[in-house]
Amino acid sequence: MALSKPGVLVLIAAAIVVLLAGWRVLFRSKPAAPIVDDPRLAPGVTMRNVTFRSQALERDMQYRVFLPENPSKQKLAVVYLLHGGGGTFRDWSNYSNVAQFAASDYILVMPQGDYSYYTNFALRPQERYEDYIVNDLPGDVEARFPARTDRGGRAIVGISMGGFGAVKVALRHPERYGFAGALSAAIDVARRPFSWKRLNQSRAYREMFGPDGSDSRHDNDPFVLARTAKPALSPYFYMTCGRQEGLLAPNREFSALLTRYDFRHEFHEVPGGHDWNQWNTQLPALFESLRSSSATSAVFNTTSSH
């Protein structure tokens with residue numbers, strides 16, 4: 001028996017409903033994988049997680065803190081530890097033994113940086129990650145913890161993307177930091193040209209730094225910044241890179257530039273590749289340089305009565 005036109009429409013509508021229901025079941029989002037968080041603690045060190053409102057980003061941001069359980073002085077020097085691309089504020093605590101250095105009267109601060117290169121985005125002005133790191137984060141840390149507020153009581157250190165961020169931020173704000181450390185820094189990222197083979201990456205770099213050759217690119221390029229900075233007023237730079245890394249050549253080039261312009265710095269080529277095993281191995285030497293190097297001891301001491 002032939003169906004009337006209204007009947008056909010009803011059947012079609014019912015079929016569409018069934019198909020849509022099946023489609024939703026088939027392609028519904030999978031539950032998010034549970035967050036793995038296994039921080040490596042150390043004797044005499046306590047850990048705190050903080051969520052605060054960033055004025056620069058206009059949203060809540062998180063950071064993790066290691067600090068001594070029983071600090072010897074009223075105010076402590078602060079080391080800001082920046083994670084790499086694809087990482088989170090948990091990385092430094094989960095993949096390295098950095099907590100042990102908090103026992104020596106340091107406050108270690110590990111902020112969430114997203115995939116930002118710790119930069120105020122050129123083409124997305126609402127994404128002001130540099131302002132968040134330089135202004136909002138220290139403001140919150142210094143309000144909550146017994147942190148020093150002077151330049152000599154602040155250091156900034158990072159791995160990979162964070163290494164770029166540490167160097168770039170220290171060059172752009174030398175009055176804020178007495179020491180900058182970079183392990184396997186992606187130091188050349190702001191000058192990398194557009195590449196069809198790395199289309200998504202190139203698009204992301206364009207949003208962060210602006211088009212190739214633009215003023216915003218130059219303003220965020222450590223190679224350009226180092227040529228116009230005043231070495232005598234700049235922090236001490238501590239840099240390393242693994243001999244098996246593709247980043248070795250640009251790091252060598254940047255170290256040579258620092259030497260040419262008489263920046264106080266050291267650069268070490270070390271065994272290994274671009275991974276936490278290599279970076280973890282370098283931490284004792286980095287903190288020794290921070291703590292006791294004759295080049296930095298005049299500006300960076302762990303404790304102060306300020």
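Me: How many residues does helix H3 have, and how far does H3 reach from its first C-alpha to its last?

Reply: Helix H3 runs over residues 129-144, so to speak 16 residues, and reaches 21 Å from first C-alpha to last. That is close to the 22 Å expected at 1.5 Å a residue. Keep in mind that this is a predicted model.

Me: Where in H3 does the kink lie?

Reply: At Asp136, with a kink of about 30°. The proline Pro138 comes shortly after that point.

Me: Which residues of H3 are buried?

Reply: Quite a list: Tyr129, Glu130, Asp131, Tyr132, Ile133, Val134, Asp136, Leu137, Pro138, Asp140 and Val141. Both the kink residue Asp136 and the proline Pro138 are among them.

Me: And what covers the buried residues of H3?

Reply: The cover includes strands E1 (45-54), E2 (59-68), E3 (75-82), E4 and E5 (154-159), along with helix H4 (161-172).

Me: OK, switching to aromatics. How many aromatic pairs does a search of the whole structure find?

Reply: The search finds 19 aromatic pairs. One of them is Tyr106 with Phe287, an edge-to-face pair at 5.8 Å centre to centre, with 70° between the planes.

Me: Where do Tyr106 and Phe287 sit in the chain?

Reply: Tyr106 is in strand E4 (residues 106-111) and Phe287 is in helix H9 (residues 276-292). They are 181 residues apart, and the pair links distant parts of the chain.

Me: Are those two buried or exposed?

Reply: Tyr106 and Phe287 are both buried.

Me: What about Tyr205 and Phe209, what kind of pair do they form?

Reply: A tilted one, at 6.3 Å centre to centre and 50° between the planes. Tyr205 and Phe209 both belong to helix H5 (residues 199-209), four residues apart, or about one turn of the helix. An α-helix has 3.6 residues a turn, so residues three or four places apart point the same way.

Me: Why do Tyr205 and Phe209 count as buried?

Reply: Tyr205 is buried because its relative accessible area is 3%. Phe209 counts as buried because its relative accessibility is 0%.

Me: Which residues form the aromatic cluster?

Reply: Phe52, Tyr63, Phe121, Tyr129 and Tyr132 form one cluster. Tyr129 and Tyr132 are also on the list of buried H3 residues.

Me: Where is Phe121, then?

Reply: Phe121 is in the loop between E4 and H3. It counts as buried because its relative accessibility is 8%.

Me: What is Phe121 in contact with, leaving aside its neighbours within four places in sequence?

Reply: Phe121 is in contact with Tyr115, Ser116, Glu127, Tyr129, Glu207 and Met208. Also, the C-alpha atoms of Phe121 and Arg206 are separated by 8.8 Å, with their positions 85 residues apart along the chain.

Me: What sits over the ring of Phe223?

Reply: The charged end of Arg191 does, 3.9 Å from the ring centre.

Me: New topic: backbone. What is the phi of Glu58?

Reply: Positive, about 55°, although Glu58 is not a glycine. Most residues other than glycine have a negative phi. Glu58 is in the loop between E1 and E2, and it counts as exposed because its relative accessibility is 60%.

Me: And Ser160, what is its phi?

Reply: Ser160 has a positive phi as well, near 55°. Ser160 is in the loop between E5 and H4, and it counts as buried because its relative accessibility is 13%.

Me: Which residue with a positive phi follows H8?

Reply: That one is Asp262, with phi near 65°. Helix H8 itself covers residues 248-260, has 13 residues and reaches 18 Å, close to the 18 Å expected.

Me: Which residues of H8 are buried, and what covers them?

Reply: The buried residues are Leu248, Pro250, Asn251, Phe254, Ser255, Leu257 and Leu258. Their cover includes H4, helix H7 (222-228), strand E7 (236-242) and strand E8 (265-270). H4 also helps cover the buried residues of H3.

Me: Last bit, the whole protein. How many helices and strands are there?

Reply: Nine helices and nine strands. Of the 306 residues, 50% are buried. The accessible surface comes to about 14800 Å², with 54% of that belonging to carbon and sulfur atoms.

Me: What share of the contacts with a separation of 6 or more comes from residues 24 or more positions apart?

Reply: Those residues account for 75% of such contacts.

How values were computed: Residues are numbered from 1 along each chain as its sequence is written. This is a predicted model: local features need pLDDT of at least 70, side-chain atom pairs count only at pLDDT 80 or more; totals for chains, interfaces and linings use all residues. Side-chain values use heavy atoms; hydrogens and water are left out. Rings of Phe, Tyr and Trp (its six-membered ring) pair if their centres lie within 6.5 Å; planes under 30 degrees apart count as stacked, over 60 as edge-to-face and the rest as tilted. Helices (H or I, at least four residues) and strands (E, at least two) are DSSP runs, numbered from the N terminus. Buried means under 20% relative accessible area, exposed over 50%, partly exposed in between (1.4 Å probe, protein chains only). A charge sits over a ring if NZ of Lys or CZ of Arg is within 6 Å of the ring centre and within 35 degrees of the ring normal. Contact means heavy atoms within 4.5 Å. Accessible areas come from the Shrake-Rupley method with a 1.4 Å probe; for residues, only the protein chains shown count as cover. The expected span of a helix is 1.5 Å times one less than its number of residues. The bend at a residue is the angle between axes fitted to the seven residues ending there and the seven starting there.
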